[in-house]
Each structure stands twice: as C-alpha cells, then as structure tokens.
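Here are a few friendly notes to read alongside the model. Please keep the sequence and the 3D view open as you go through the points.

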Amino acid sequence: MFEIFQKYLNDKIELSNSEIQLIESFCKPKKLRKKQFLCQEGDVWHYNAFICRGLVKTFSIAENGTEHIINFSPENYWTGDRESLINGTPSRLNIDAIEPTELILIEKSDFEKLCADIPQLNQMVNQIIQKSFIVSQGRILANISFTAEEKYQNFLEKYPHIVNRIPQHMIASYIGITPETLTRLRRNMVKK
C-alpha cells in the first residue's frame, strides 16, 4: 500500500530515500470493508488519511435521518475531519467506505513532525489545503446559485472519474436535491 502513497508523493515533490523512509515509518495502513466506518460522529479524529484504493464519503445525518454528503474521496485523495483534527473536538461527521478501501493513516503529531522536517512536504500540504478551500468555495457558490440541472452537470464535469462508482441517491445528496429530482434530470438529459 505504501508504494501507492510513495508514487503520489514522488509525482508531487522530490524526496530523498531517507525522507521516504521517515515518512513510511509513520504510516499505518488500514483496510475498510464496504460500508465500514473510518470515523463516526462523536469520535475525535486524530489522523491525516490518504486513500490508496477505493472510495469513501464524508457525511452528516440530520435529526430527521436525512444523509447530507459533504465529500467523496477516491484514490489519491486525502480525507478526514479537519475541524476535529485541528480543534481536538468530537467529530460532527461520519466517514465510511462506499467500496472496499485501502488507506494510509498518519497521526496528527507525526504528520506535523514530518512537515517540520521535510519542507517540501509542508509546501505540498499547504497547496492541497489552498486547493481544497477553493473547491469548497466553488461548491458553496454552486449550491446557492445553480439550478438542480446545473448542479448535476457541474458534478458530472468535476468528477467524471467517480460518477459511475457512486449510487444515484448519494449523488443527489451531495448536490442537494432529492433522488426523484435527479432521476427526472437524468431522464431529460437522455432525451436531449
């Protein structure tokens, strides 16, 4: 599993063999079965998690039982609850596997040490956080200003590599529409 993470890192930054060995020494591999939780609401999240294979979703459950999906993380994505990680507070989110998933976990304190000892890793992390912020900002804007059809079209354009791996009701939850509305949109798109 580490080889996948190492390839990801090597594609982004230059690392010496000793830096790679240091990173590997802090990596904890983990496997999830389909529908197995990585994090549950109320847990305190302690890791930086990198998806090697598979697909997870990050979501919350409303009081009425409705699932609100915040994020999908396929291979070569990072996942976790940043608020819980930084503040040390119980998570308000759940993360579970849509598919069997293999990931690398690095404890917060170990990750901070790695970033302090390897400046190019720290720079990569900062770039990822900046891109993540931009993506979140775009998602908020889309949710408050796009029509249902535009939201779905935007999802298809941004995530063509995972759209066929996600059940339709989850896509509907992610873009903030009902499954029935999504079915109608898809039917209308086929007719065009």
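1. Let's begin with a cysteine. Cys115 has a relative accessible area of 10%, so this residue is buried. Please bear in mind that the model is predicted.

2. How far is the sulfur of Cys115 from the closest cysteine sulfur? That closest partner is in Cys27, and the distance of 12 Å is too far for a bond.

3. Cys27 deserves its own look. Cys27 also counts as buried, because its relative accessibility is 13% and the cut-off for buried is under 20%. For the sulfur of Cys27, the closest cysteine sulfur belongs to Cys52, 8.5 Å away, which is again too far for a bond.

4. What does this add up to for the whole model? The structure holds zero disulfides. A disulfide needs a pair of cysteine sulfur atoms within 2.5 Å, so neither the 8.5 Å from Cys27 to Cys52 nor the 12 Å from Cys115 to Cys27 qualifies.

5. On the annotation side, an unreviewed UniProt entry assigns residues 15–114 to "domain: Cyclic nucleotide-binding". In the model, that stretch is 43% strand and 23% helix. The C-alpha atoms at the ends of residues 15–114 lie 12 Å apart.

6. Now to another part of the chain: is Glu180 buried or exposed? Glu180 is exposed, as its relative accessible area is 53% and the cut-off for exposed is over 50%. Glu180 sits in helix H8, which covers residues 179–191.

7. One last pair to check in your viewer is Glu180 with Gln168. They are separated by 12 residues in sequence, and their C-alpha atoms are 9.8 Å apart in space.

Conventions
Residues numbered from 1 in each chain as written. Predicted model: local features only at pLDDT ≥ 70, side-chain atom pairs only at ≥ 80, totals over all residues. Heavy atoms only, no water. UniProt positions renumbered as here; feature names shortened; annotations may be inferred. Helix = DSSP H or I, 4+ residues; strand = E, 2+ residues; numbered from the N terminus. Buried < 20%, exposed > 50% of the residue type's maximum accessible area, 1.4 Å probe, protein only.
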